[in-house]
Structure formats: structure tokens, C-alpha cells
Amino acid sequence: MASTVLLQPKNPAITTHTCFHCHDACPDEHLHIDDKYFCCDGCKMVYEILNTHNLCEYYALDDKPGKSLKAQRNAKAYAYLDDPEVQEKLLEFNNGETAQVTFYLPNMHCVSCIWLLENLYKLDAGVLHSRVVFLKKTATIQYHPEQTSLRKLAALLSSIGYAPEINLGDVDNAKPKVISKKLAYQIGIAGFAFGNIMLFSFPDYVGMDAETYRWFADIFGYLSLALAIPVLLVSARDYLVSAWNGLRNGHLNIDIPLCLALLSLFGRSVWEILTHTGPGYLDSFAGLTFLLLIGKWFQQRTWHQLSFERDYKSYFPVAASLKTGDEETSVPVNRLVPGDIIVVRSQEIIPADGILLKGTAQVDYSFVTGEAEPQVVKSGDRIFAGGKQTGESIEISLTRRVSQSYLTRLWNDQAFKEDEQGQVTKLADQAGRFFSWMILIFGLGAFLYWMPTDMGRAINAFTAVMIVACPCTVALSIPFTLGNIMRILGRHRFYMKNIKTVESFSAIDSVVFDKTGTITNVSQQTYEFKGQTLSSTDKVAIRSLTKHSSHPLSRRLYESMPDVPLVMPHEFQEIPGQGIVGNIGGRNVKIGSAAFVGAEGQGLFVAIDGHVLGHYEVKSRYRYGLKQVLEFFRQTRPATWWRKKQTDFNRVWLLSGDQDREANALTTFFPDRETMLFQRTPQDKLEFVKKLQRHGRQVMMLGDGLNDAGALRQSNLGVVVAEDTNNFTPACDAILHADEFENLPKYVELARAGVRTVNKSYAVALIYNIIGLGFSVTGHLSPLVAAILMPTSSISIVLFGVLMSNWEAKRILK
């Protein structure tokens with residue numbers, strides 16, 4: 001690491017010093033360390049903390065990284081966080097070794113904040129990991145509860161300028177704010193200034209002679225300037241900071257042309273007012289800033305509506321087993337309430353926090369903490385949402401409702417796949433950079449062309465070009481259009497992980513189906529046992545063992561013997577792709593494939609104490625609409641700009657862990673026998689997907705999430721088909737409710753239509769910019785008109801994407 005001397009800019013040697021940490025004015029020279037002065041003890045303490053831990057790089061990442069600490073709360077203010085009841089409400093996870101909490105930090109404002117907050121482990125040895133979501137101003141912190149505490153963490157955050165905003169009443173039903181207070185203040189200041197400056201400029205609008213009423217023009221000019229300064233320093237600050245950070249990092253972002261326009265308008269206006277050579281364009285300056293912020297508010301509000309429905313109204317299309325007395329019923333997870341008792345079987349995700357009532361849990365919390373080693377939870381202990389049960393079935397009494405926003409965040413936080421950009425996103429990035437350079441070139445060209453003959457016209461042309469051209473429309477189209485598609489599909493029980501998933505459907509050229517639970521309807525399967533006659537104790541052993549498995553065949557076999565009593569097994573174990581084993585009444589019971597129990601043949605075999613009793617012959621029922629789904633994916637698709645030639649899906653493959661006894665029946669759906677591969681282990685399925693990808697294929701895998709998690713993770717697009725069971729897996733990109741299987745072609749077509757809408761948005765943006773630039777370079781387009789057109793174009797692109805995707809949904813899903 002570079003030395004702290006090189007990383008710390010020195011305060012200028014002037015009489016009135018600015019605080020080295022927050023850049024506020026220092027009241028005196030009393031507080032200082034060497035040549036670094038501080039406005040209060042809080043700022044001085046933060047510098048000492050950062051300097052002690054070699055974290056002074058914080059001051060090199062932003063021009064004003066720190067916040068004033070004159071009003072920060074002390075550690076005593078957070079004493080209530082030591083209360084166990086408060087901790088139980090706030091903590092998302094706590095197993096004694098690792099605890100997790102998410103704080104809302106309203107003072108987070110720049111890249112320095114992100115850097116410091118993600119290096120909290122250097123300030124407190126008890127912190128294991130911290131992760132920041134800048135747009136939501138939240139920090140999720142994992143810590144060791146024996147080395148630090150919730151109270152100490154809150155006090156630490158407060159001491160370095162990021163006091164957490166904690167509202168216990170909103171813990172269970174937290175709702176995102178539609179608009180931040182900061183943006184509201186910025187809009188208010190800009191709107192107030194804009195309206196009053198227009199009033200002060202009224203004499204110019206009606207053509208009054210400024211020389212005749214010089215005193216009148218001067219007073220109103222100075223008043224306009226006084227109103228414009230807060231607009232520059234407060235309302236336009238975010239744009240200026242973003243542009244400065246982009247320049248300092250060598251990146252030409254979309255805020256640079258806007259800031260050039262703002263600064264040129266403001267600078268020209270100041271010059272004209274102070275030299276009495278003109279009224280300036282402060283009305284255009286304030287109007288541009290106000291309209292930019294209104295556009296930003298509209299974008300935030302629209303995105304809020306989309307994300308609110310995703311996080312709080314649209315639930316994962318999976319169910320939980322609710323226990324009432326001795327009966328179990330399958331209910332959607334959003335209907336669960338505190339006090340409900342649910343049954344969680346092997347390989348199922350725990351949907352909400354609760355208390356373990358029955359059974360010994362072996363919970364894999366890698367979904368939450370990243371640690372894959374299963375943890376043993378005993379009866380009476382707390383158990384947390386997001387964990388996956390890997391042992392026998394357990395019963396949990398819920399203490400919280402299912403948090404859809406929490407599960408969604410866990411799903412998206414996991415690095416299960418490489419972060420590859422889709423083709424449409426790549427185009428947006430390239431187009432954004434191209435537009436920014438094009439704006440600068442056109443603006444400078446127009447300025448240089450008109451400068452020799454008319455300086456005023458040259459400045460008009462330059463500012464109009466900087467304002468009217470809008471590269472941000474390209475970036476806006478993707479999140480709003482595809483986000484709306486994701487919302488619509490969620491309403492139809494096809495739940496997407498993120499926007500990239502929607503985009504991925506346009507690139508897929510190969511589809512792989514799992515069999516059991518994916519193309520077969522497990523609830524309609526029938527069983528016939530062939531072998532020696534089963535005794536009552538044999539049936540007890542079979543039903544007792546299958547009760548604890550979440551595999552579709554096990555669940556169906558368990559439900560087919562409702563009158564057989566149950567016995568709690570010992571040493572239950574489920575081996576994906578092979579079978580289940582456990583000890584029932586002192587007997588070793590195995591149920592699974594022929595190889596698993598040491599037999600030969602086809603079917604679901606049963607062996608007790610090494611002796612094979614026989615096998616169940618399973619008669620499958622295939623999902624309604626399967627043939628139409630397969631025909632859709634076999635269709636030839638036309639060439640696109642990213643796919644240079646026509647693409648035939650060529651083959652739709654079937655992978656199954658079962659033997660090939662159903663091959664003849666499946667030829668109706670898969671006429672090419674080579675596309676049906678049987679007796680494939682989970683590892684075989686994974687390797688098959690890799691093989692397709694090595695041949696340049698973009699693979700979509702559809703499975704049940706149990707024996708094919710590896711293949712789902714490896715595929716370019718993994719879709720879990722969910723029945724009335726909780727077989728959600730973080731390895732997938734989307735979850736489709738089994739009842740919607742026949743509608744899958746419509747949903748895929750809608751996702752592709754969303755991408756086509758984004759491409760149409762690009763065309764609209766290009767036409768707008770060509771027309772706008774054509775008028776701007778002539779110098780006849782006033783900055784105020786340009787200021788109206790710029791946010792109008794952004795709003796138009798957002799409305800076009802949302803309304804067009806709604807129309808496509810009505811057309812396709814009718």
C-alpha cells in the first residue's frame with residue numbers, strides 16, 4: 001500500500017482552515033494533527049482511526065469523502081441494541097458463531113463511503129464481511145458475536161460518520177422510500193429558484209431596455225445570481241461529483257456533457273451580470289437543473305413501483321408444508337404467519353425464521369453466509385431463513401413472516417455464476433460511450449464554427465448540444481423495460497432472478513430437460529410394487545423413510561400409503577441421484593436406484609438389511625402441453641445483429657437419472673433417440689452442459705432443482721420447475737410454477753419481445769438525438785428549450801419501454 005503521506009492531500013496554508021475530514025470550515029486552529037486541521041473532535045477521531053489502521057486511502061477516492069461529525073450519536077445512544085428482544089428483531093441470522101444484520105446508512109454518498117464500509121473488518125476484528133448496496137444505502141454486515149456486538153457496530157458506524165437509521169417498527173414490514181429526502185430538497189431548491197428567476201427575468205421576456213432601467217436590471221440580476229448559487233452547490237452537486245469522479249478515473253460518463261452545459265450556462269451568466277453586458281441564462285440554468293431532477297424523480301418512482309411489486313407483492317411460486325394437527329397441507333409461502341408449524345424435508349430451503357420443534361436439523365447456510373459445512377441445530381434452538389436442510393425432515397414453528405425482499409437479496413447476492421453481460425447490455429455500454437464522445441465533438445465543433453462571427457451564438461450552440469443530446473436514454477431502456485417484463489412474468493408465477501435473466505432468453509440456442517418432476521407430473525404418477533409381498537413392518541419402514549425426502553418420487557410414494565404408521569428414522573441420509581438410506585427400528589433401509597441398493601433392473605428398488613425386496617414400477621404422466629413446448633424450442637429463429645446466421649435449436653435434449661424403460665413412450669416427444677440420455681448422474685448432467693458450451697452453445701437447463709443443481713448452475717440459464725414443494729435452489733436463474741409449464745413458450749416469447757423493445761428504444765433515442773443535434777448546432781435552439789427536451793426524452797423512453805412491454809404482454813399472453 002502507498003504511504004499515507006502520498007495519499008493525503010494537504011490543506012492550503014490559509015488563515016481560515018477547512019476540516020481535513022469533512023471540508024467544513026474550522027472555527028479555530030485548536031484541533032490539528034501536523035498540518036491537518038479538524039472542525040470537531042469527531043472528525044479528528046475518525047482520521048486517527050483510519051490512520052491507525054492504514055485506511056487513509058479513503059481520502060484519495062473522493063474530493064469530499066467525509067461527513068461532519070458534530071452531531072453524531074455516542075455509543076450510549078445504542079445501548080438498547082444489547083436487548084435480546086431487539087437483537088432478535090434486527091438480526092437476519094445468528095448461529096452463535098456468525099451473525100448478520102443490514103443497516104440503512106443515509107449518510108452514504110460516494111465511492112469513498114463504499115470503500116470504507118466494505119473495509120470495516122480492519123476497524124473491528126469481529127467483523128467477518130461487509131457488503132454495500134449503494135443505491136439502497138444499505139450495508140449488510142456479518143460479524144462474530146463473541147468478538148463484537150450489534151451495539152458496538154452501530155457505535156462504530158456512527159463514529160466514522162455513518163450513523164445507522166434504525167426503526168424497529170419497520171423491521172418486519174420495511175418498505176422502500178419512494179423518494180429520498182435529499183432528492184426532495186434538491187428539487188425544492190431548484191424549483192423555487194427556477195420560478196423566482198423567471199419572475200426576475202420577466203422584463204427581458206417582454207423586451208424592456210436594460211440600459212433605460214439599469215438599476216432594475218442590476219438588482220434582479222444579482223438576486224437571480226444569489227438564487228442560482230444554491231442550485232449549483234446543492235441541486236446540481238450529484239451531477240458535478242459524478243462527472244469529476246469520471247474524469248479523475250479516466251472514464252467519460254454521461255454526466256460530463258451535462259455538467260459542461262450547466263457550468264457554461266452558469267459561468268456565462270455570472271460574467272454577463274457582473275460586467276453588465278447581458279441578463280445571462282440563469283433561468284435556463286435553474287430550469288435545466290430542475291427538469292433533470294424531475295426526470296430523476298420520475299425514474300425513481302417508476303422503478304420503485306416495479307421493485308415494490310417484485311419484493312413485496314410477487315412471491316416465489318413455491319409452497320411450504322403447513323402442519324395442522326396430524327395433517328400436512330401445501331400452502332404458498334406468502335400465506336405463512338408467525339406461529340405456523342411447517343415441515344421442512346431434506347434438500348428444502350427454510351423460508352422464514354423460527355424455532356426448531358422436532359427433529360435434528362443439519363442446516364447448510366451457504367446460501368446466507370457462504371459457509372457450506374452443515375450446522376447441527378437441536379430442538380428448541382433458533383433456525384434462520386435461507387438455510388437448506390440436509391438431513392431428516394424437521395418441524396419449525398415460525399417466528400417471522402416470509403420476507404420476499406430478503407430471499408430475493410440472498411438469491412442475487414450469491415456468486416453462483418460468472419457475471420457476464422448480455423449482448424443488449426454490452427450495446428448500451430458501447431452506445432453510452434459513443435454518445436458521450438459524439439456530444440463533445442459536436443459541441444466543440446459548433447462552438448468553434450460560430451465563435452469567429454458570433455460568440456453568443458457559439459455559446460448557445462455549445463450549451464444546447466451538451467443539453468439536448470441524451471445518452472442516458474440508452475441506459476434507461478434496459479432496467480425499465482426488462483424490469484417491467486420481469487414484474488409481469490412474476491404475476492404469472494414465472495419468477496426471474498434479475499434483469500439479466502430476462503435478457504438471456506434471446507441468446508439461448510440449446511435446451512436441456514430433466515425428466516422426473518420436470519416433464520412428468522409427479523402428482524399423477526402411479527406405483528405398482530413387484531417383488532416379494534411386503535409385510536406391515538416393511539411398509540412402515542418404506543413410508544417412514546420416504547417421509548423425510550423431498551424427491552418427487554419419494555413424496556408420491558409416501559403419500560400413496562396414508563394409513564401406514566410412521567417411525568422416526570435414525571441416521572437418515574439422502575444421496576442426490578442415487579437414493580435415501582436410514583435406520584428404521586434397527587433395520588438398515590435403502591430406497592433408490594438398482595445400483596444404489598445392489599440390484600439389477602429398472603424401477604425404484606427397496607432393500608432392507610442388504611436384502612432386495614423388489615421394486616416399484618413407476619408409470620409416468622407427462623405434463624400437459626409438453627409436445628407444444630418442445631416444438632417451440634425446436635423452431636428455427638431468424639438472424640439478429642448478435643447472431644449472424646439463422647439458428648436452429650437443432651436438438652432438444654432429455655437427461656434422466658432413470659433407466660430407459662420409458663424410452664419408447666418418450667419417442668412421441670423426442671423422435672430422435674440420440675437426444676434422450678438415461679442413467680445420468682448429477683455429475684453426468686453437469687458435464688453434458690459443459691460439453692454443449694464448449695461447442696459454442698448457449699444452454700437453458702430445466703430441472704426440479706434436486707439432482708440437477710450443478711447443471712442448473714453451469715447452464716447459461718437455469719430454470720427450476722416447482723410443484724407444490726419447496727425445491728427452490730439458489731443455483732437457478734428462474735422458477736416456473738409447474739401449473740404454468742404449458743405457457744413457457746409464451747413467457748419466453750415475452751422475454752424476447754422485451755429485448756426487441758429495448759432495441760426499438762435505441763432507434764427512438766438515435767432519431768431524437770440526430771434531430772436535436774441538427775437544431776442545436778445552428779445556435780437557434782435556446783438553452784431553456786433544450787433543457788425541456790432533455791428530461792422529456794428520458795421520460796419518453798421510460799414510458800415507451802414500460803407501455804410497449806405492457807402491450808406486448810397483452811398481445812402474447814392473451
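1. Two strands count as paired if DSSP finds at least two bridges between them. Keep that in mind for β22 (residues 604-608) and β23, which run antiparallel and are joined by 5 bridges. One more thing before you start turning the structure around: this is a predicted model.

2. Look at how β22 leads into β23. The two strands form a hairpin with 2 residues between them. In the turn, aspartate 609 has a positive phi of about 55°. Isoleucine 608 stands opposite histidine 611 in β23.

3. Now see what else β23 pairs with. β18 and β23 are antiparallel too, over 6 bridges. If you want a landmark, find glycine 531, whose bridge partner in β23 is glycine 614.

4. Stay with these strands for the rings. The model has 12 aromatic pairs. One of them is phenylalanine 529 with tyrosine 616: the ring centres are 4.9 Å apart and the planes meet at 65°, so the pair is edge-to-face, since the cut-off for that label is over 60 degrees. Phenylalanine 529 sits in β18 (residues 526-531) and tyrosine 616 in β23 (residues 611-619), so this pair links distant parts of the chain, 87 residues apart.

5. Are those two rings buried or exposed, or something in between? Buried means under 20% relative accessible area, and over 50% is exposed. Phenylalanine 529 has 22% relative accessibility, so it counts as partly exposed. Tyrosine 616 has 6%, so it counts as buried.

6. Next, jump to helix α21 (residues 626-634). Its buried residues are Leu626, Val629, Leu630, Phe632 and Phe633. Why do they end up on the same side of α21? Because they cover an arc of only 155° around the axis. What do they pack against? The partners are β17 (510-514), β26 (652-655), β28 (699-703) and α25 (744-776).

7. Two of those helix residues make an aromatic pair of their own. Phenylalanine 632 and phenylalanine 633 are edge-to-face, at 5.2 Å centre to centre and with 75° between the planes. Phenylalanine 632 is at 11% relative accessibility, so it counts as buried. Phenylalanine 633 is buried as well, with a relative accessible area of 1%.

8. Three of the strands that α21 packs against, β17, β26 and β28, belong to an open sheet of 7 strands. The order is β16-β30-β29-β28-β17-β26-β27, and the pairing is mixed. Which strands are at the edges? They are β16 (494-496) and β27 (676-677), and each pairs on one side only.

9. Zoom in on the β27 end of the sheet. β26 and β27 pair in the parallel sense over 2 bridges, and leucine 655 stands opposite leucine 677 in β27. Helix α23 (residues 682-694) lies across β17, β26, β27 and β28. It runs at about 160° to β26. While you are browsing strands, remember that in a regular strand the side chains alternate between the two faces of the sheet.

10. A few last ring spots are worth a click. Phe494, Phe505 and Tyr747 form one aromatic cluster. Arginine 457 lies over the face of tryptophan 450, at 3.8 Å from the ring centre. The charged end of lysine 590 sits over the ring of phenylalanine 596, 5.1 Å from its centre.

Conventions. Residues are numbered from 1 along each chain as its sequence is written. This is a predicted model: local features need pLDDT of at least 70, side-chain atom pairs count only at pLDDT 80 or more; totals for chains, interfaces and linings use all residues. Side-chain values use heavy atoms; hydrogens and water are left out. Buried means under 20% relative accessible area, exposed over 50%, partly exposed in between (1.4 Å probe, protein chains only). Helices (H or I, at least four residues) and strands (E, at least two) are DSSP runs, numbered from the N terminus. The arc is that of the directions from the helix axis to the C-beta atoms. Contact means heavy atoms within 4.5 Å. Rings of Phe, Tyr and Trp (its six-membered ring) pair if their centres lie within 6.5 Å; planes under 30 degrees apart count as stacked, over 60 as edge-to-face and the rest as tilted. A charge sits over a ring if NZ of Lys or CZ of Arg is within 6 Å of the ring centre and within 35 degrees of the ring normal. Axes are lines fitted to C-alpha atoms, for helices over the stretch in contact, and angles run from 0 to 180 degrees between N-to-C directions.
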